[in-house]
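Biologist: Thanks for sitting down with me over this one. I would like a close look at a single part, with enough of the surroundings to make sense of it.

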Amino acid sequence: MNLTKKTLENYYKQRNSLYLNKSDLSNRFKEITEIVDLFMKLDIDQKYINEFAPFSDDLLGDNGAGNRKTMIENGVDQVEEMWKLIGGFDGASVQAKYRIISSSRGKNENYYENENYSTAGQNLWANSNFVTNNYPHQIAAFLKCCKEDDVNNYENCIDGSKIVLTWKTDTYLEKDDFFSASKKRLKTRFPPKFLWMWANKEKVIHFMSLMAFRNFLNTTYGKEILKGIDQNYTPESITNMKFDEFTKAWQSISDKILEDLEINKISDSDSKILAITDISKLISIIMIEETDIKNIADLLKTGNQAVILWGPPGTGKTYESMEVVKELLKIDEDSRNEDIENKYLFSKQLKFEKNQGYYEIIQFHPNYTYEDFIGGISPKIDGENVSYELRQGVFYKFCKEAEKNQDPTQKYIFIIDEINRAELSAVFGELLFALEYRGKHINLPHFGSFTIPKNVYVIGTMNNVDKSLVTFDLALRRRFGFFKLMPKLDVIVDVLTDKVEFGSLEKYVIKCKKLNKKIISDLGLGEDYQIGQAYFLKIKDFLSDEENVEITSFDLEKLWVYNIEPLLEEYLGMIIEDDGIKAKLDELKKFFVEDE
């Protein structure tokens, strides 16, 4: 996300309305706050510390979830609260956006690395291991230690609480050896850092999940802060920093954020603590909302490595596709589009270098054919002469180049915009099989043996209200994962904050949100017929070239006439001729255009 200092300042001004709009996330932050306060007051029972969970009770039974029941049956208090705090639980299920430890098994961000770590012989996710191997009293003991300035170093707090990550059963370890191994591995992981932040929530920025923490560090503003403190700091180095180094670095990072927002100037201590809580909650909410890119990228790496981004028009499906390209190819967020195309766009390359990979983007339409996509015999006109030649299609050439570079770190991403506008079964042909069975060969007419390599990823985009949706048949649907994108109207603030006066911008965003609600209620079209942020951002085409301008009724009327009304008429189809529908459209226009 392109979060800048100014954008954050604007969000901070309208934070209360944001909390109302994101009540689930706001309530989650409040819950975590209450749980930490509860744990800080908890009387520690040393029996849960001296013989920590893996050795004191038969908690490591048949499954991780069963251990929660075992703890409760054994009379342990605050189990549910602990699972929410450190396990990312929301009710009975784990939410990725709330976890504080990655469950990825990738070499750089998991506990397993090259060894087989397990709980009771089971290869459980790191998140499950962490939450099932600790008692609430251990977590409370660690929190309390982090609060005490004279002893809050890693060794003291780990030794005093005995929190652990996993239980290795493939090779038996004595208790002390096991604890030493666990302590070493937890030193750079996020959970101890998370607990330290929350133990010191009155003086440092504290996020409610690993996802929010990582996303913030990777914003424009986050990177600026890191470089301003230490040129060697990067999002990765902060995330993977050892505990004792991290606590010092994070205090400096927090101080800089509080300075930028002038929170450090607040003299009343209670008001200052409240402001620190506010900004921590605000950033957490904003950053958790910005998880689509990571989630799409994760989905793309699973199954058939093919994803359809679908949703109402204007929800940024093509934009998000390119953001996924940047994520997978590890392209710097600040890179110019022209530079990205020159280096990574497949069709622009004269010579293929050994870099992170390449991408291609095409758009389907009703006349798009198998010959365009895969290849075949096509006419060649030379003056008055017509001949025929065998041509390779764009996807065929893309896969053949990817096949030359089977290094899994090199990724080839193929984007098909408006994928459902072509006759898909005819365009894809034999690729239905090849999409599902990566690496297996099929026989193509004219070209012989062909395979879609395992390092090729396919992203399609489609509007869920497009009338050509029916062309997306069931056989092809099961080859793709589907990720729905709905309107994100708060993005309007990010884009227009340097152009539009803040009060006027805030009113505009509220008006856009209300219009979508009226489309659902007044026109009865349903949630899938809401208008995406891209349409509302077209308002900038009608604004003057000056800075800090106000959005006028005249600007709104032009946006309505040229962009919004035609879309609504397309939604309504034949019933637009109904007098009642016409009257409702006129009412919507009056609401949108006129000042309230």
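What percentage of the contacts in the protein with a separation of 6 or more is accounted for by residues 24 or more positions apart? And once that is settled, could you take me through helix α27, residues 502-521?

Modeller: Happy to, with the reminder that this is a predicted model. The figure you ask for is 71%: that is the share of contacts with a separation of 6 or more that comes from residues 24 or more positions apart. The protein has 596 residues, of which 51% count as buried, and its secondary structure comprises 30 helices and 11 strands. About 27500 Å² is exposed, with carbon and sulfur atoms supplying 47% of that area.

Now to your helix. α27 holds 20 residues, and at 1.5 Å a residue it should span 28 Å; its end C-alpha atoms lie 29 Å apart, so the expected and modelled lengths agree. At the start of α27, a side-chain oxygen of Glu501 comes to within 3.1 Å of the backbone nitrogen of Gly503.

Next, the side that is covered. The buried residues of α27 are Phe502, Ser504, Leu505, Tyr508, Val509, Lys511, Cys512, Leu515, Asn516 and Ile519. To read that list, recall that an α-helix has 3.6 residues a turn, so residues three or four places apart point the same way. The buried set of α27 includes Leu505, Tyr508, Cys512, Leu515 and Ile519, and you can follow them along the helix in the viewer. The cover over the buried residues includes α1 (5-13), α26 (491-496), α28 (533-536), α29 (553-572) and α30 (579-593).

For a long-range pairing elsewhere, try Leu299 in helix α18, residues 292-300. Its C-alpha atom is 7.3 Å from that of Gly481, although the two residues are 182 apart along the chain. Beyond its neighbours within four places in sequence, Leu299 is in contact with Val307, Gly481, Phe482 and Phe483. Leu299 still counts as partly exposed, because its relative accessibility is 28%.

One last stop is on the surface. Ile377, Ile381, Val386, Tyr388 and Leu390 make a nonpolar patch of about 560 Å². The elements giving two or more residues to this patch are β5 (375-382) and β6 (385-392). Strand β6 supplies the largest share, 3 residues, and Val386 is found in that strand.

Conventions. Residues numbered from 1 in each chain as written. Predicted model: local features only at pLDDT ≥ 70, side-chain atom pairs only at ≥ 80, totals over all residues. Heavy atoms only, no water. Patch = residues over 30% accessible without salt bridge, like charges linked within 9 Å, V, L, I, M, F, W, Y side chains within 5 Å. Areas by Shrake-Rupley, 256 points an atom, 1.4 Å probe, with all protein chains shown as cover. Salt bridge = Lys/Arg side-chain N within 4 Å of Asp/Glu carboxyl O. Helix = DSSP H or I, 4+ residues; strand = E, 2+ residues; numbered from the N terminus. Expected span 1.5 Å × (residues − 1). Buried < 20%, exposed > 50% of the residue type's maximum accessible area, 1.4 Å probe, protein only. Contact = heavy atoms within 4.5 Å. Polar contact = N/O pair within 3.5 Å; in protein donor to acceptor, adjacent residues only side chain to side chain.
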